[in-house]
Amino acid sequence: QFPRAALHLSHGSFLDHVARDFAGGLFGSAEPYDLIIANPPYVRTQVMGADRAQELSAIFGLTGRVDLYHAFLVGITRALRGGGTAGLIVSNRFMTTKG
């Protein structure tokens, strides 16, 4: 029914993919997505360890007390085509935090 539709599936870290392929400049090589459906993990960066938390904060411009949701949300906005659609499953706790 949709002969021009394309589907590409890959196994890997979404955050690493965004940091690598949507960095802009000469290294930003990926085509933006028309649709992103995500269920980001709710993990405080303290659980990941200081090195990884600082790396994600620097890559995605995050400050203060953050969790992976923040990195995923920024990453999704970088990877989504203008006029694209994103659907996210998030916990009600995330919707009421001040972060």
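These are my notebook entries on a predicted model of a protein.

**Entry 1: the whole chain**

I started with the overall layout. I counted five helices and two strands in the protein. Reading along the sequence, I get the pattern α-β-α-α-α-β-α. I then looked up the box that the C-alpha atoms fill, taken along the principal axes, and it is roughly 45 × 35 × 25 Å.

How much of the protein is buried? I found that buried residues make up 26% of its 99 residues. I also checked how far along the chain the contacts reach. Of the contacts with a separation of 6 or more, 61% are between residues 24 or more positions apart.

**Entry 2: H17**

Next I picked one residue, H17, and found it in helix α1, which covers residues 14-21. Is H17 buried or exposed? Its relative accessibility is 16%, and the cut-off for buried is under 20%, so H17 counts as buried.

I listed what H17 touches, leaving out residues up to four places away in sequence, and got F22, A30 and Y33. I also looked up H17 and G75, which sit 58 residues apart along the chain. Their C-alpha atoms are separated by 9.1 Å.

**Entry 3: the buried side of α1**

H17 has company: the buried residues of α1 are L15, H17, V18 and D21. Why do I put them on the same side of α1? They cover an arc of only 160° around the axis, so they share a side of the helix.

Then I asked myself what covers these buried residues. The cover includes strand β1 (33-38) and the helices α3 (50-60) and α4 (68-79). I took the two helices one at a time.

**Entry 4: α1 against α4**

I looked up how α1 and α4 pack, and the angle is about 45°, with the axes 10 Å apart. That angle makes the two helices oblique to each other. The crossing in which α1 passes α4 is left-handed.

Which residues meet here? From α1 I noted F14, L15 and V18. On the α4 side I noted L68, A71, F72, G75, I76, R78 and A79. Sorted by class, the residues of this contact are eight nonpolar, one polar and one charged.

**Entry 5: α1 against α3**

I did the same for α1 and α3. Their axes come within 11 Å and cross at roughly 45°, which means that α1 is oblique to α3. This crossing is left-handed too.

The contact uses L15, D16, V18 and A19 of α1. From α3 it takes R52, L56, I59 and F60. I sorted these residues as well: six are nonpolar, none are polar and two are charged.

**Entry 6: the two sides of α3**

I stayed with α3 and looked for its buried residues, which are A53, L56, S57 and F60. Looking down the axis of α3, I see them fall within an arc of 100°, so they line one face of the helix. On the other side, D51, Q54 and A58 are exposed.

I also checked what comes after α3. The helix is followed by G61, and its phi is positive, near 65°.

**Entry 7: α3 against α4**

One helix pair was left on my list. I found that α3 and α4 pack at an angle of about 30°, with axes 10 Å apart. Here α3 passes α4 in a left-handed crossing.

The α3 residues in the contact are L56, I59 and F60. Those from α4 are L68, A71, V74, G75 and R78. By class, I have six nonpolar residues, one polar and one charged.

**Entry 8: A38**

Last, I went to a strand and chose A38, which is found in β1. A38 has a relative accessibility of 15%, so I wrote it down as buried.

Which residues does A38 touch, not counting those up to four places away in sequence? I found I76, G87, L88 and I89. I also looked up A38 and A86, 48 residues apart along the chain, and their C-alpha atoms are separated by 7.8 Å.

Notes. Residues are numbered from 1 along each chain as its sequence is written. This is a predicted model: local features need pLDDT of at least 70, side-chain atom pairs count only at pLDDT 80 or more; totals for chains, interfaces and linings use all residues. Side-chain values use heavy atoms; hydrogens and water are left out. Helices (H or I, at least four residues) and strands (E, at least two) are DSSP runs, numbered from the N terminus. Buried means under 20% relative accessible area, exposed over 50%, partly exposed in between (1.4 Å probe, protein chains only). Contact means heavy atoms within 4.5 Å. The arc is that of the directions from the helix axis to the C-beta atoms. Axes are lines fitted to C-alpha atoms, for helices over the stretch in contact, and angles run from 0 to 180 degrees between N-to-C directions. Angles under 35 degrees count as roughly parallel, over 145 as roughly antiparallel, 65 to 115 as roughly perpendicular and the rest as oblique. A crossing is left-handed if the near helix is turned anticlockwise from the far one by less than a right angle, and right-handed if clockwise. Ala, Val, Leu, Ile, Met, Phe, Trp, Tyr, Cys and Pro count as nonpolar, Asp, Glu, Lys and Arg as charged, and the others, Gly among them, as polar.
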